[in-house]
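Trainee: I am new to this structure and would like a close look at a single part, taken slowly and with the terms explained as they come up.

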Amino acid sequence: MHESPSSEDGRDLIFVRSLNLKATTGVDGWQRPKPQPILLSLWLKTSVALAGSTDHLPYSIHYGIVCKTVSQLVENGQFNSLEHLAEAVCRHALGPELGGEWVKVAIEKPRALLRADAAGISIVRRKDAAGAVVAGPEDDRVTVKDLRLVTIIGVNPWEREERQNVVISLTLHKPRPHVLRDREFDPAYNFRAVVRAVTEHVENSDYKTVEAFVTAVAREVCVGCGIPKVTVRAEKPSALTFAASAGVEITREKSFFEAEETKTAGDGTHDAFLALGSNLGDRHATLTAALAELGRRGIAVRRTSCLYQSAPMYVTDQPAFLNGVVQVRTTLSPEDLLTEVKAVEAALGRVASFRNGPRALDIDILLYDALVMNTPDLTIPHASMLEREFVLAPLCDLAPERAHPLTSTAYRHHLAALPPPPADAAPLQTFTPLTPALTLSPSSPTRGTHIMAILNLTPDSFSDGGTHTAASLPATAHALVEAGATILDLGGCSTRPGAPQVSEDEETARVVPAVAALRAAGVTAVISVDTYRASVARAAVEAGADVVNDVSAGTLDPAMLATVAELGVPVVLMHTRGTPETMGSLTQYSDIVTDVARELAERVSAAEAAGVRRWNILLDPGLGFAKTHAQSLELLRRLGELRAAQGLQGLPWVVGPSRKGFVGRLTGVETPKERGWGTAGAVAASVAGGADVVRVHDVGEMRGVVEVAVGVWRG
């Protein structure tokens with residue numbers, strides 16, 4: 001089940017396929033530490049353009065040398081597992097002798113199992129910007145090929161008279177955070193233990209359909225063996241007279257089965273998902289009020305999706321809808337929950353109209369535990385949910401792997417299976433309102449990028465400390481808005497690496513009067529307060545600020561996330577580690593994008609757990625914060641990959657490259673204020689990578705950069 005890489009990404013491949021070697025990689029099928037045959041395949045990404053145009057082999061990687069040196073490494077070495085061997089081959093391929101930059105290694109062990117053709121592993125490794133060997137973008141995979149078992153399976157009477165052969169292939173996906181190094185062996189991926197569990201289950205099973213059979217095998221691997229993700233392929237060689245076999249292949253994650261087993265909590269509460277929509281009046285305010293009203297009625301809102309703007313689906317001559325899905329906990333029965341939901345609709349202005357017509361508020365019960373019910377008044381699961389992109393997309397923000405109670409299929413698969421919308425229909429787009437006057441649309445391919453102007457109220461900021469005074473601030477703010485800023489970011493405590501921290505009172509005294517002064521001077525732009533302290537955030541919002549920009553994502557003040565949730569304002573969660581004093585020593589990453597994505601996803605989850613609405617969350621990769629210069633560049637280079645990471649999709653991104661140290665390192669400009677040209681390049685890269693907001697000092701100059709970059713990459 002090893003897939004060969006492709007050169008379609010523009011990078012050429014040198015490969016050696018199915019090299020027969022003898023290696024000691026642990027024990028054989030009889031548990032003896034003996035040398036065994038292996039089949040090794042290796043792909044190196046490189047460029048053969050120069051060798052192709054000159055017909056001169058030294059300009060490429062010689063596959064004969066690859067074969068020779070890899071053979072020597074394998075047959076002269078001692079390895080305690082396939083993981084150990086695969087890592088060693090990758091490090092050799094990326095080492096100075098072969099000089100590779102990217103490699104995939106796939107190893108099969110034909111005699112590893114008595115009843116299977118082979119067991120194996122495939123991994124991808126590459127060099128990062130610093131030259132270190134790191135995991136590639138895809139999971140490591142442990143495989144079992146063609147495991148032959150016998151069981152009762154089939155719907156026809158003659159198929160159930162005696163056991164028949166089934167051929168099973170397994171791929172155990174190893175998420176990159178679980179990748180172990182060098183000689184370490186991960187016992188969770190012991191293919192022999194997995195095969196024993198699958199064999200025992202299959203040979204005692206009795207299924208009518210192959211679909212149910214492969215689902216049960218996947219459940220045994222994920223739940224019984226603790227594997228986070230598995231691909232199962234099952235074939236029936238005797239199913240069709242004139243075909244070699246017929247079968248089914250599925251990929252499931254452990255969370256799929258955990259959600260499938262959802263039951264009523266021991267405290268008598270129930271887990272339900274509600275879909276909310278509005279297309280009249282202030283739609284965002286109505287949805288926000290609906291959540292508050294649900295809470296007042298004892299229906300606890302646990303998590304919310306992003307907001308999505310959608311074209312009307314059934315009756316098209318009406319305004320666009322704003323939609324979302326919320327997960328709630330309730331002690332109410334389904335019927336009583338419906339009664340309360342209808343009361344909330346009425347309280348917020350819904351009036352009787354024609355079916356699927358305009359409405360101030362619409363709330364549907366999508367799911368209630370794993371219940372299936374159908375009465376004249378209520379159908380659960382909601383009868384139309386699987387045909388509605390504006391329901392499935394937000395539901396997948398919350399429970400992409402949860403199985404539909406009737407189809408046993410994850411909602412992300414239902415979403416992917418929807419037909420494309422009509423060509424003349426407006427596409428579904430995420431919707432992040434900062435204020436009623438300023439909304440971000442991070443999923444729109446033609447969106448603009450907003451400019452957040454930096455207004456430091458500190459005497460010690462790294463590039464503009466002491467520049468702005470209370471007297472000059474209103475005029476400065478008006479000038480920045482005139483120059484193109486739509487957001488003003490006020491900070492009263494420097495968080496540059498190594499900066500000493502001022503007291504909470506001092507920070508409050510700097511920030512709050514400044515916010516009040518700007519509002520008193522008629523500044524209507526969005527005001528963001530750059531602070532990691534909950535008390536400062538609260539005071540600033542009460543004085544007129546709209547957004548909280550927390551460089552610690554809630555890690556430096558335990559009260560911050562709950563405070564933001566209570567205030568109901570958007571929050572920027574920036575990635576960092578440690579404190580301003582310690583962050584410079586915390587730059588160790590296995591892969592900068594993978595690790596930043598995982599750590600930001602954890603902060604998003606923490607914010608949601610504290611009550612922050614997902615539609616109020618913005619993210620910042622934290623360039624220069626607990627990052628080396630090379631790591632900041634790598635994040636900019638792979639910003640698109642970061643935006644698409646699991647758990648972060650659909651959220652808007654704020655990127656702050658202005659005058660940063662990596663800009664100075666690249667350009668050789670030591671004075672931060674003189675790094676404008678270098679900052680322009682970094683701002684253009686931010687837009688190209690998908691930034692929704694860029695945080696800058698030089699607003700007028702960067703406005704032009706942003707406009708051109710948007711025109712090039714999104715026009």
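What is the relative accessible area of R115, and does that make R115 buried or partly exposed?

Mentor: R115 has a relative accessible area of 40%, so R115 is partly exposed, a class that lies between buried, under 20%, and exposed, over 50% (1.4 Å probe, protein chains only). Please keep in mind that this is a predicted model, in which local features need pLDDT of at least 70 and side-chain atom pairs 80 or more, while totals for chains, interfaces and linings use all residues. Residues are numbered from 1 along each chain as its sequence is written, and side-chain values use heavy atoms, leaving out hydrogens and water.

The side chain of R115 meets that of E203 in a salt bridge, with 2.6 Å from N to O; the term stands for a Lys or Arg side-chain nitrogen within 4 Å of an Asp or Glu carboxyl oxygen. R115 sits in the loop between strand 3 (102-109) and strand 4 (116-127), whereas E203 sits in the loop between helix 4 (191-202) and strand 8 (206-207), so the pair ties together parts that are 88 residues apart in sequence. Helices (H or I, at least four residues) and strands (E, at least two) are DSSP runs numbered from the N terminus.

To set this pair in context, the whole structure holds 40 salt bridges. One of them joins R510 to E506, whose closest N and O atoms are 3.0 Å apart, and here both partners belong to helix 12 (residues 504-520), 4 residues apart, which is about one turn of the helix. In this pair R510 counts as buried because its relative accessibility is 18%, while E506, at 35%, counts as partly exposed.

A similar look at helix 20 (residues 699-713) brings up E707 and R703, whose side chains meet in a salt bridge of 3.2 Å, N to O. These two residues also lie 4 residues apart within helix 20, about one turn of the helix. E707 is partly exposed, with a relative accessible area of 48%, and R703 is likewise partly exposed, its relative accessibility being 34%.

Beyond such pairs, salt bridges link R126, D591, E634, R637, R638 and E641 in a network.

Coming back to your question, R115 at 40% is partly exposed, and its salt bridge with E203 connects two loops, the one that follows strand 3 and the one that follows helix 4.
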